[in-house]
Amino acid sequence: MKKYTYTEKKDTRSGFGAGLHEAGKKNENVVALCADLVGSLKMDAFIKDFPERFTQVGIAEANMIGIAAGMTIGGKIPFTGTFANFSTGRVYDQIRQSVAYSNKNVKICASHAGLTLGEDGATHQILEDIGLMKMLPGMVVINPCDYNQTKAATMAIAEYEGPVYLRFGRPVIPVFTDPDQKFEIGKAWMVNEGTDVTIIATGHMVWKAIEAGEKLAELGIDAEIINIHTIKPLDDEAILKSVKKTGCVVTCEEHNKFGGLGESVARLLTTELPTPQEFVATNDTFGESGTPDQLMSKYGLDAVNIVEAVQKVIGRKKA
Amino acid sequence: MKHTIKELEDIASQIRRDIVRMVHGCQSGHPGASLGCADFFTALYFEVLNHKTDFTMEGKGEDLFFLSNGHISPVWYSTLAHAGYFDKSELATFRKLDSRLQGHPTTHEHLPGIRIASGSLGQGLSVAIGAALAKKLNGDHSHIFALLGDGELQEGQNWEAAMFAPFNKVDHLIASVDYNGQQIDGPTSKVLALDDLQAKFEAFGWHVINTDGNDMQAIVEGLHYAKTLTGKGKPILNLMSTQMGAGVDYMVGSHKWHGTAPNDEQLASALAQLPETLGDY
Ligand SMILES: Cc1ncc(C[n+]2csc(CCOP(=O)(O)OP(=O)(O)O)c2C)c(N)n1
């Protein structure tokens, strides 16, 4: 197992804030919009340097998506910012018609996704957003795994032409990816090469997959770990190549097992290479209030859950 | 009056203590507007609302209350506990794992007193209208109360509801606006100004009254007066001016306390200003 270490913990939303600032410096067409959550979305640096390119829309997410769609018509590249729930479910038809169907260059940037939003509870903890967004034709869906990757992804989507959903989170987590990485949309990142099982992880679950990989190594299981940061378009090639070698797969995501990354992988495998698969995901449930760590544990999203899923799926492979 | 003004003020003081202790206890949550609305909740539940504490979802023959700005759950939970819906010891579980007292109100955990989830802003007025329509169909002439945040009014759904209610003569509805002039990113006047809310609601066909939401006498009288205005073809809007953080000097009037928990020192300072009247949980 390749050794991953970290010297600091940061929130992925701060990576977004830093990336937005960089993208703003690079391209004067980059504009930002926010619905009364500037601090939570870490937009302060962008607003400070480019006040005229920032629009505060107030608590009015539907209006924000519509305005963003309209701004693309004047050649702007709008980044909208609010919590993941209010970025997706709240404004689904506005995104569907004015952004996705109309193919507008809007970057929907969504913080506080998943259970790790914590104490605010289920009203705010969306676990269905990946599904909602990946179902929209033409929508790119990205869920980066740490501060550096989120920053790089934010800069990359500014250069990509077309609608994007960028999902990130609230808590501080280890920073373990390369600060100077080049982010390629749709290209998987090989975290660790192995032979016994393919672990495919996205977002906050990537670090947990690394922790699980270390435990598995102690148990004599050689896990291949792949980071799928772009859930759509999916890197079919990387997944098929790995699964051909390992013969079984565990998908890991901070999302409902219905509609998430796991189902995208299952769809690929069932048509191309039927393979035993286990899902580390929430099980058709809403969340609740609690600390992020408590919730990840209660809802089965810890390294131990990945280890268990791996043991189970390897058993199915042999059977 | 069921209580004297002094008695009501004492209840509000205890609710304020609970709010700061609850938010401090989990180091998260929304003290500012919870404190600002403590007088309103006290007046409503201890004086105005015709309600039973052996809770039923339908609340047949009872007045119903809906909280649209669900983030001010601490004030509601404390009020419900002191009114007798559940034991006040449960307030200690606020926002903690396996609690019925979720960060935002929910029916999912079956907490008595809650009839719909809120937290995602801008949805409560529609729900209140729906409940009012159902009561009408059932021949039940009780009142429906709702509370909305002022920043929350930036959500367009409120204005769909605002248009619907007068047109459909939903006239047993009393909606109050927590008019504290603050939201997360700053004063409402700087984020997206609401301007003349009275004129706006009147133009939509509402009967608008103004109350001082941090004056117990005024808020009790205002809500009683609002009740006398119902049944006359128009919904009632109570524009209730409040101070964010009312009762805790260092929190008063600042959006900074919208969603920030006090530290130990700040807690002590807040509690020193708020007499313990009914016993802490
Ligand atoms: C649909 C939606 N968008 C954004 C939020 C995040 N949010 C929670 S409270 C709040 C500000 C609400 O302002 P106001 O209604 O004035 O309440 P106050 O600040 O007075 O508590 C925001 C933006 C939310 N809960 N729901």
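Me: Which residues count as nonpolar, which as charged and which as polar when a pocket lining is classified?

Reply: Ala, Val, Leu, Ile, Met, Phe, Trp, Tyr, Cys and Pro count as nonpolar, Asp, Glu, Lys and Arg as charged, and the others, Gly among them, as polar. In this predicted model, the lining of the largest pocket accordingly divides into 11 nonpolar, 23 polar and 14 charged residues. Local features here need pLDDT of at least 70 and side-chain atom pairs pLDDT 80 or more, whereas totals for linings use all residues. Residues are numbered from 1 along each chain, and chains are lettered from A in the order in which they are written.

Me: What makes a set of grid points a pocket?

Reply: On a 1 Å grid over the protein atoms alone, a pocket is an open set with protein on both sides within 12 Å along at least five of seven lines, and its lining residues have an atom within 4 Å of a point. The largest pocket has a volume of about 930 Å³, and among its 48 lining residues A:Leu37, A:Phe83, B:His30, B:Ile184 and B:His258 are the closest to its centre.

Me: Why is the set that includes B:Phe41, B:Tyr45 and B:Phe65 called a nonpolar core?

Reply: The name applies because a nonpolar core is a set of buried (under 20% relative accessible area, 1.4 Å probe, protein chains only) Ala, Val, Leu, Ile, Met, Phe, Trp, Tyr and Cys residues joined through side-chain atoms within 4.5 Å. The largest such core has 58 residues, and B:Phe41, B:Tyr45 and B:Phe65 have the most contacts inside it.

Technical notes. Side-chain values use heavy atoms; hydrogens and water are left out. Buried means under 20% relative accessible area, exposed over 50%, partly exposed in between (1.4 Å probe, protein chains only). On a 1 Å grid over the protein atoms alone, a cavity is a set of points where a 1.4 Å probe fits but cannot get out, and a pocket is an open set with protein on both sides within 12 Å along at least five of seven lines; lining residues have an atom within 4 Å of a point. Grid points are joined across faces, edges and corners, and a volume is the space filled by probe spheres set on the points.
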